[in-house]
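User: I would like to go through this model with you and ask, for each label, what it rests on.

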Amino acid sequence: MPMDLEKPTCDDSLIRQLSMSIYQLPIISVADELGVFSLLEREPTSIAALAGQLSLSFRATEALLAALAGMGLLARFQGKFHLTETSRNFLIPDRPFYWGHMLRLASQVPVTHGALLETLRRDGAVAWNGGKVITEEWEKVDLSEERAFVFTRAMHSHSFATAVGLAQRASLKGVRRLLDVAGGSGCFSIALARQNPDVRFTVAELPPVCKTTRQYVAEHGLEGRIDVMELDMFRDAWPSGHDAIFFANILHDWDSARRQHLIQRSFEALPPGGRLLIYELLLSDGQDGPLTAALCSMNMVYMTPGKQFTAGELDELVRGCGFTGVSVMPAYAGYSLISATKPLDR
Ligand SMILES: C[S@@+](CC[C@H](N)C(=O)[O-])C[C@H]1O[C@@H](n2cnc3c(N)ncnc32)[C@H](O)[C@@H]1O
């Protein structure tokens with residue numbers, strides 16, 4: 001008996017595209033390693049000419065360029081491939097907003113069906129790049145300067161455009177000295193310092209990271225306004241004298257007890273009237289997207305004990321630790337700034 005065959009109620013293009021999505025990140029990181037974007041920046045080029053420059057076959061180059069164009073990173077015009085605004089801004093090495101270091105690191109993380117299934121079943125993160133789970137390395141401060149450099153450089157490439165976007169929107173009115181807790185390369189303090197010439201900054205980081213942080217601060221000529229301080233934020237006493245405390249991409253690394261501990265320590269370190277600032281890629285209130293924040297949350301589940309949050313979850317966390325006057329300001333590319341105040345009578 002032939003089976004009744006009802007047509008699907010929509011076509012399968014979304015599923016087909018998703019079935020190929022595993023190629024997307026490696027295609028970009030391989031193009032970056034081959035120098036495709038730098039070559040096309042110098043001169044828009046045909047497939048055949050680029051194949052010659054890269055010592056690749058015509059077939060391989062054709063597939064690579066078509067995929068990059070399909071992803072919006074190249075555009076074809078009169079037979080030659082050109083950069084787009086995105087690749088010109090973010091994929092040229094030695095440019096300030098180059099993302100390549102993070103793309104290369106991310107493409108080394110083995111996200112496989114089996115590893116993801118195991119992570120979800122045991123709700124525990126995986127090791128990265130042949131080492132331990134990253135938050136365990138941080139907790140034991142079991143991190144060579146070289147490993148700290150590779151991760152911090154990757155985070156800088158991930159965060160610097162976001163930091164500049166924040167600096168353009170956020171007001172630091174009334175702030176004299178800001179503590180950037182676990183500030184990585186110092187990218188947020190660097191961007192905020194350039195925009196707010198009267199504010200001083202302290203970037204607090206684990207000792208193996210601080211050498212790299214000092215290099216970034218010096219590159220921007222801001223050694224006179226940004227101090228770099230060795231601090232284990234969970235174990236050491238926090239410095240006094242800061243009227244604002246800032247966390248970017250930090251709460252999402254940790255479980256709820258650690259998150260609460262960090263906000264409680266911020267409350268204790270701030271003077272009455274002091275400001276708490278949290279910068280994160282937010283999930284929508286209904287926790288049904290946006291996709292980038294949802295995938296970032298999965299990345300946190302895969303690699304850390306943390307997750308991404310809704311604005312409401314962060315509001316509850318900071319109010320629970322005594323802060324008031326909570327506001328949420330969408331700032332840049334899905335990132336929002338959550339601000340709160342330590343009451344004057346505390
Ligand atoms: C996801 S990165 C965020 C860096 C930076 N805020 C940014 O957004 O680019 C997390 C940072 O937390 C730092 N970190 C982890 N544990 C720490 C600790 N106990 N004390 C201070 N910093 C810590 C790491 O060294 C790393 O730079």
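User: How many nonpolar, polar and charged residues does the shell around the ligand have, by class?

Analyst: This is a predicted model, and in it the shell around the ligand has 14 nonpolar, four polar and three charged residues. A residue belongs to this shell if one of its heavy atoms lies within 4 Å of the ligand. Among the 21 residues around the ligand, those that come nearest are Ser 159, Glu 205, Met 233, Ala 248 and Asn 249.

User: What makes the pair between Glu 205 and the ligand a polar contact?

Analyst: A polar side-chain atom of Glu 205 lies 2.6 Å from an oxygen atom of the ligand. The cut-off for a pair of N or O atoms is 3.5 Å, so the pair with Glu 205 counts as a polar contact.

User: How do you know that Leu 231 and Ala 248 make polar contacts with a nitrogen atom of the ligand?

Analyst: For Leu 231, a backbone N or O atom lies 3.3 Å from a nitrogen atom of the ligand, and for Ala 248, a polar backbone atom is 2.8 Å from a nitrogen atom of the ligand. Both distances are within 3.5 Å, and therefore both pairs count as polar contacts. As for burial, the ligand taken alone exposes 590 Å², of which the protein buries 98%.

User: Which helices each supply at least two residues of the shell around the ligand?

Analyst: They are H10 and helix H11 (187–195), and the largest share of the shell, three residues, comes from H10.

User: What is the volume of the second largest pocket, and which residues are the closest to its centre?

Analyst: The second largest pocket has a volume of about 230 Å³. Of the 13 residues that line this pocket, Arg 95, Pro 96, His 156, Tyr 216 and Glu 219 are the closest to its centre. Helix H10 (145–169) and helix H12 (207–219) are the elements that give two or more residues to the lining, and H10 gives the most, with four residues. By class, the lining has five nonpolar, four polar and four charged residues.

User: From which domains does the lining of the second largest pocket draw at least three residues each?

Analyst: The domain assignment of the protein gives domain 1 (14–95) and domain 2 (115–341), and the lining of the second largest pocket draws at least three residues from each of domain 1 and domain 2. The C-alpha centres of domain 1 and domain 2 lie 33 Å apart.

Notes
Residues numbered from 1 in each chain as written. Predicted model: local features only at pLDDT ≥ 70, side-chain atom pairs only at ≥ 80, totals over all residues. Heavy atoms only, no water. 1 Å grid on protein atoms, 1.4 Å probe; cavity = no way out; pocket = protein on both sides within 12 Å on 5 of 7 lines; lining within 4 Å. Points joined across faces, edges and corners; volume = space filled by probe spheres on them. Nonpolar A, V, L, I, M, F, W, Y, C, P; charged D, E, K, R; others polar. Domains from an automatic or database assignment. Polar contact = N/O pair within 3.5 Å; in protein donor to acceptor, adjacent residues only side chain to side chain. Areas by Shrake-Rupley, 256 points an atom, 1.4 Å probe, with all protein chains shown as cover.
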